[in-house]
Every structure is written in structure tokens, then in C-alpha cells.
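I opened this entry to keep a record of what I looked up in the structure, working from one helix pair outward to the chain and then to single residues.

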Amino acid sequence: TITFNAALSACEKGRQWVQALQLFCEMAVSRVQRNTITYCAAVSACEKGQQWVQALQLFCEMAVSRVQRNTITYCAAVSACE
């Protein structure tokens, strides 16, 4: 999980939202558990790429997956909609 989170964060910083979502999906395929940090990095990557629909889908998926949302995740979701 830590390695994937670091890669997702790098994608966010590089504004590579497509790659971030690919990594995010790869985690599910590889059965790597996603946590708050994972979702936050993915939502932020989508936000940086101006992909508000994707960002909100991930944000909503957190509740379904029972992953705790935090202030950073809420802020990234709101920022994606601006």
C-alpha cells in the first residue's frame, strides 16, 4: 500500500491523473488494500487534472468502501469542483 500511495502522490504532483487512476485500479486487481491516503492521492490527482467527475466518484466510493474521509479528502473534492 505504501509503495502505491507514493506512486499515486507522484502522479498527483506531476498532474498525471490518468496514470493515477490506472494505479488505483491496479491496486484492486492486485488485492492491495486502499486506505484514506490512497483515496486522497487519487482524488487530488483528479483535482489537479481538472477531472471533477472522477474526483467526486472516488470521494463517494470511499463511503461505499468504508474508508474514512478526512479534511484533506474533503478539501480536494471541493477544489475539484471549482
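I began with the packing of helix α2 (residues 17-29) against helix α3 (residues 36-48), and in this predicted model I found their axes 8 Å apart at an angle of about 155°. Since angles over 145 degrees count as roughly antiparallel, I noted that α2 and α3 are therefore roughly antiparallel to each other. I also looked up the handedness, and α2 passes α3 in a left-handed crossing.

Next I listed the residues that make this contact: from α2 they are Trp17, Ala20, Leu21, Phe24 and Met27, and they meet Thr38, Tyr39, Ala42, Ala45 and Cys46 of α3. Sorted by character, the residues of this contact comprise nine nonpolar and one polar, with no charged residue among them.

I then turned to the chain as a whole, where I counted five helices and zero strands, so that I could write the order of elements from the N terminus as α-α-α-α-α. The radius of gyration came out at 11 Å, close to the 12 Å that the globule rule gives for 82 residues, so I recorded the chain as being as compact as a globular protein of that length. The C-alpha trace spans about 35 × 25 × 20 Å along its principal axes, and buried residues account for 37% of the 82 residues. When I took the contacts between residues at least 6 apart in sequence, 55% of them turned out to join residues at least 24 apart.

Is Phe59 buried or exposed? I located Phe59 in helix α4 (residues 52-64), and its relative accessibility of 10% lies under the 20% limit, so I entered Phe59 as buried. Setting aside neighbours within four places in sequence, I found Phe59 in contact with Val43, Arg69, Thr73, Tyr74 and Ala77. I also checked Phe59 against Cys81, which is 22 residues away in sequence and 12 Å away in space, C-alpha to C-alpha.

Last, I looked up backbone angles in two loops. Arg15, in the loop between α1 (2-13) and α2, has a positive phi of about 60° although it is not a glycine, and with a relative accessible area of 52% I recorded Arg15 as exposed. Arg66, in the loop between α4 and α5 (71-80), has a phi near 60°, again a positive value in a residue other than glycine, and at 79% relative accessibility Arg66 counts as exposed.

Methods
Residues numbered from 1 in each chain as written. Predicted model: local features only at pLDDT ≥ 70, side-chain atom pairs only at ≥ 80, totals over all residues. Heavy atoms only, no water. Axes fitted to C-alpha atoms, helices over the stretch in contact; angles between N-to-C directions. Helix = DSSP H or I, 4+ residues; strand = E, 2+ residues; numbered from the N terminus. Parallel < 35°, antiparallel > 145°, perpendicular 65-115°, else oblique. Left-handed = near helix turned anticlockwise from the far one by under 90°. Contact = heavy atoms within 4.5 Å. Nonpolar A, V, L, I, M, F, W, Y, C, P; charged D, E, K, R; others polar. Rg over C-alpha atoms; globule rule 2.2 N^0.38 Å. Buried < 20%, exposed > 50% of the residue type's maximum accessible area, 1.4 Å probe, protein only.
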